[in-house]
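These are my notebook entries on a single protein chain. I set down what I looked up, one topic at a time.

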Amino acid sequence: MPIFAESVDSLALVQDSSASWARQGARMPAVAYCESPSVPADEFVRWFLDVSQPKAARRTIGPVARCATQPIAPVAFNLPDRKSLASTIERWTASEPKLAGWIEAGVPPTQALSRFGSSLIRANHIQKGLEVFHAVTALNPEDPLHWSNFGVALDLAGALNESAACLERSLIISRAQPDTWLQLGNVRKKLSDSTRAEKAYKAALEFDANAPLAWQCLGLLKEEQSDFPAAIDCYTACIERGGGGAAIHSNVGKLCYRIGRFADAHQNFAKSLEQDPSNVRVRTNEQKLRFIRSMVERNDAQEAFASLNQYLPGDFPISESDQRTIVETAFGVLAGFGYTSEALSVGHLSMSLWPNQPSLEYLMGALAGGKGPDRSPREYIVEHFDRFADQFDSQLVGALGYDIPKKLCDVVKKALGNASLGDVLDAGCGTGLCGPELRPIARKLTGVDLSSRMLEQAEKRGGYDELVCDDLLSFLGRSPRRFDLIVAADLVIYFGELSSLLTSAAYAMRPGGLLAFSTESFLGDTFRLLPSGRFAHPPHYVERAARPEFALVSCAPTTVRLEGTERVSGNLFIFRRL
Ligand SMILES: C[S@@+](CC[C@H](N)C(=O)[O-])C[C@H]1O[C@@H](n2cnc3c(N)ncnc32)[C@H](O)[C@@H]1O
């Protein structure tokens with residue numbers, strides 16, 4: 001059977017017999033069509049579906065539509081023959097006055113059916129719409145538009161593999177269809193095939209570089225891939241071509257802010273506000289970025305603060321609590337992006353306006369350099385994490401790629417092997433991200449944390465037998481020989497000098513128990529207080545501090561999270577209590 005198989009991405013034509021082509025197939029055919037008119041269409045389509053779908057999908061999905069919002073009956077991809085089609089169309093014409101009217105008025109049957117199919121889809125009668133587009137495609141399989149419509153209907157029905165196959169078929173017949181490429185990109189994205197989704201979006205832009213929607217979709221894909229500079233470029237291209245509006249400006253502002261392009265961020269929030277002056281969130285962002293931008297460009301905190309009271313049209317006076325939030329946020333953001341002297345100026349401004357801020361004093365000390373205290377003050381921990389608790393998971397896990405709980409617990413499970421369950425402490429448990437990892441290996445799981453708001457989140461997540469609001473050192477001091485395993489994810493960074501922490505941990509552990517924790521890296525002799533207000537430790541310092549009571553099991557380098565656009569590197573330690 002001579003077969004032409006074609007990849008719509010490259011449009012490279014391959015000619016071979018089906019069997020040897022499929023055998024070659026390190027690469028699955030994206031689309032294929034049969035050269036020989038003697039091969040029955042059904043047989044060809046069955047072959048095509050068989051080789052064109054990933055093995056797993058073949059087993060689980062096959063050429064059957066999956067359900068989306070409403071149950072969809074199985075849809076055979078193979079096209080019905082004209083004879084059976086004639087009676088179906090007769091039936092529809094008899095029962096659907098709208099369709100009958102179009103045919104009577106002289107609209108050609110395929111066009112009338114196509115209109116009918118579209119009206120059904122618009123009215124959310126997806127199953128019937130699918131049947132109609134199936135029929136229209138069978139009536140005229142050379143028309144790419146019908147394959148595109150059929151593909152769209154299949155997408156709406158949730159039959160994504162089949163939808164992609166139809167859209168690809170359409171594009172084989174005619175490549176110059178930007179909308180179909182765009183649709184194919186969206187379907188591939190839903191199929192989590194982002195590489196080929198990107199190719200489809202780019203093909204759409206090849207045929208219509210001025211299509212704002214294609215730029216927007218490509219931008220969305222880039223944003224999901226965390227390629228923020230590329231996402232910003234795509235969204236900007238969308239805006240330049242008349243797409244978007246206030247929301248897209250605000251989104252570009254948000255991405256620019258995230259990667260420290262403060263002037264661009266401010267400009268975009270200001271444009272968004274111009275278009276939608278009643279949007280309170282955008283107004284707050286515009287004010288915040290106005291302040292930060294002014295600091296970066298002129299480093300004059302008084303002037304930047306005064307700029308907060310220059311209202312934009314439609315604006316109203318900014319409250320003192322909003323002013324304070326902006327100043328506090330700006331301090332953290334400027335420090336995080338390495339604008340040390342600007343952050344310190346903002347810190348001094350804040351202290352002059354709102355005196356008695358021990359946490360800010362601590363952070364300014366950290367930023368200014370110097371040895372700093374031996375550990376982060378309790379008031380700072382409580383204030384910082386109580387305030388952060390609601391956004392902790394979305395910020396740290398979502399935006400900053402924090403996955404130390406999983407990585408640390410994986411190392412622990414490896415070290416434990418088949419050891420039996422024991423009493424486990426999640427030290428500095430926070431919102432309880434380690435809970436689900438530790439629950440299966442714990443007879444009794446206890447969490448301790450200084451921040452009551454973080455503990456509320458851990459309680460909601462569940463899985464702990466006991467949650468205690470206390471300072472870790474006090475808690476350990478009250479728990480002699482109680483634990484077989486202590487896990488501390490991202491906790492040791494709040495201690496500089498480690499011997500008192502490690503001695504307390506040793507006191508609370510049973511001999512042979514494991515102590516697992518993460519640290520942030522630092523190349524020096526001893527610990528260092530970083531501008532972030534967290535401590536970093538060189539591995540040899542940690543090992544030295546643990547030595548009298550613990551034996552090192554393993555120390556593995558890791559990435560802790562992102563800081564601005566930089567990766568923060570650290571280590572995962574496991575010690576055994578001697
Ligand atoms: C960065 S969070 C990590 C939370 C959790 N372990 C995780 O990995 O998601 C650090 C947690 O340690 C807590 N913490 C810091 N110092 C503490 C101390 N001395 N005693 C108890 N909890 C402390 C903080 O309140 C915060 O919840």
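**Strands 5 and 6**

I began with a single bridge: T446 has E466 in strand 6 as its bridge partner. The model I am reading is a predicted one. I then looked up the pairing to which this bridge belongs. Strand 5, residues 442-449, pairs with strand 6, residues 466-469, in the parallel sense, over four bridges. I next asked which helix makes a unit with these two strands. Helix 25, residues 452-461, makes a right-handed β-α-β unit with strand 5 and strand 6.

**D471**

I followed the chain to D471, which I found in the loop between strand 6 and helix 26. Is D471 buried or exposed? Its relative accessible area is 3%, so I entered D471 as buried. Leaving out residues up to four places away in sequence, I listed R375, R378 and L450 as the residues that D471 touches.

**Strands 7, 8 and 12**

I turned to strand 7 and strand 8, which run parallel and are joined by five bridges. In this pairing I noted F483 opposite M509 of strand 8. Together with helix 27, strand 7 and strand 8 make a right-handed β-α-β unit.

I also looked up how strand 8 is joined to strand 12. These two strands run antiparallel, with seven bridges between them. Here F517 has F573 in strand 12 as its bridge partner.

Why do I describe strand 8 as largely enclosed by the rest of the structure? Nine of its 12 residues are buried, and therefore the description holds.

**Helix 27**

I checked which residues of helix 27, residues 499-508, are buried, and recorded L501, L502, S504, A505, A506 and A508. I then asked what covers the buried residues of helix 27. The cover includes three elements that I had already met as strands, namely strand 7 (483-488), strand 8 (509-520) and strand 12 (566-577). It also includes helix 26 (472-477), helix 28 (539-546) and strand 11 (550-563).

**Aromatic pairs**

I searched the whole structure for aromatic pairs and obtained 16. I examined F262 and F337 in detail. Their ring centres are 5.4 Å apart and their planes stand at 85°, so I classed the pair as edge-to-face. F262 lies in helix 15 (residues 262-275), while F337 lies in the loop between helix 18 (320-336) and helix 19 (340-353), so the pair ties together parts that are 75 residues apart in sequence. I looked up the accessibility of each partner. F262 has 3% relative accessibility and counts as buried, whereas F337 has 27% and counts as partly exposed.

I then took F385 and F392. Their ring centres are 6.5 Å apart and their planes stand at 55°, so I entered this pair as tilted. Both F385 and F392 are buried. I also asked which residues form one aromatic cluster with F385 and F392. They are F388, Y402 and Y494.

**Q267**

I returned to helix 15 for Q267, which has its place there. At 41% relative accessibility, Q267 counts as partly exposed. From Q267 to L289 I noted 22 residues in sequence and 8.7 Å in space, C-alpha to C-alpha.

**The whole chain**

I recorded 28 helices and 12 strands in the protein. Of its 578 residues, 50% count as buried. The accessible surface of the protein comes to about 26,200 Å², and 53% of that belongs to carbon and sulfur atoms. Taking contacts between residues at least 6 apart in sequence, I noted that 58% join residues at least 24 apart.

**Confidence**

I closed with the pLDDT values. The mean for the protein is 86, and 86% of its residues reach 70 or more. Over residues 1-45 the pLDDT is below 50, and I noted for this stretch 89 contacts in the model beyond near neighbours in sequence. Over residues 51-76 the pLDDT stays under 50, and the model has 53 contacts beyond four places in sequence for these residues.

Note on methods
Residues are numbered from 1 along each chain as its sequence is written. This is a predicted model: local features need pLDDT of at least 70, side-chain atom pairs count only at pLDDT 80 or more; totals for chains, interfaces and linings use all residues. Side-chain values use heavy atoms; hydrogens and water are left out. Two strands pair if DSSP finds at least two bridges between them. A crossover is right-handed if, with the strands pointing away from the viewer, the path from the first strand over the helix to the second runs clockwise. Buried means under 20% relative accessible area, exposed over 50%, partly exposed in between (1.4 Å probe, protein chains only). Contact means heavy atoms within 4.5 Å. Rings of Phe, Tyr and Trp (its six-membered ring) pair if their centres lie within 6.5 Å; planes under 30 degrees apart count as stacked, over 60 as edge-to-face and the rest as tilted. Accessible areas come from the Shrake-Rupley method with a 1.4 Å probe; for residues, only the protein chains shown count as cover. pLDDT is the predictor's confidence in each residue, from 0 to 100.
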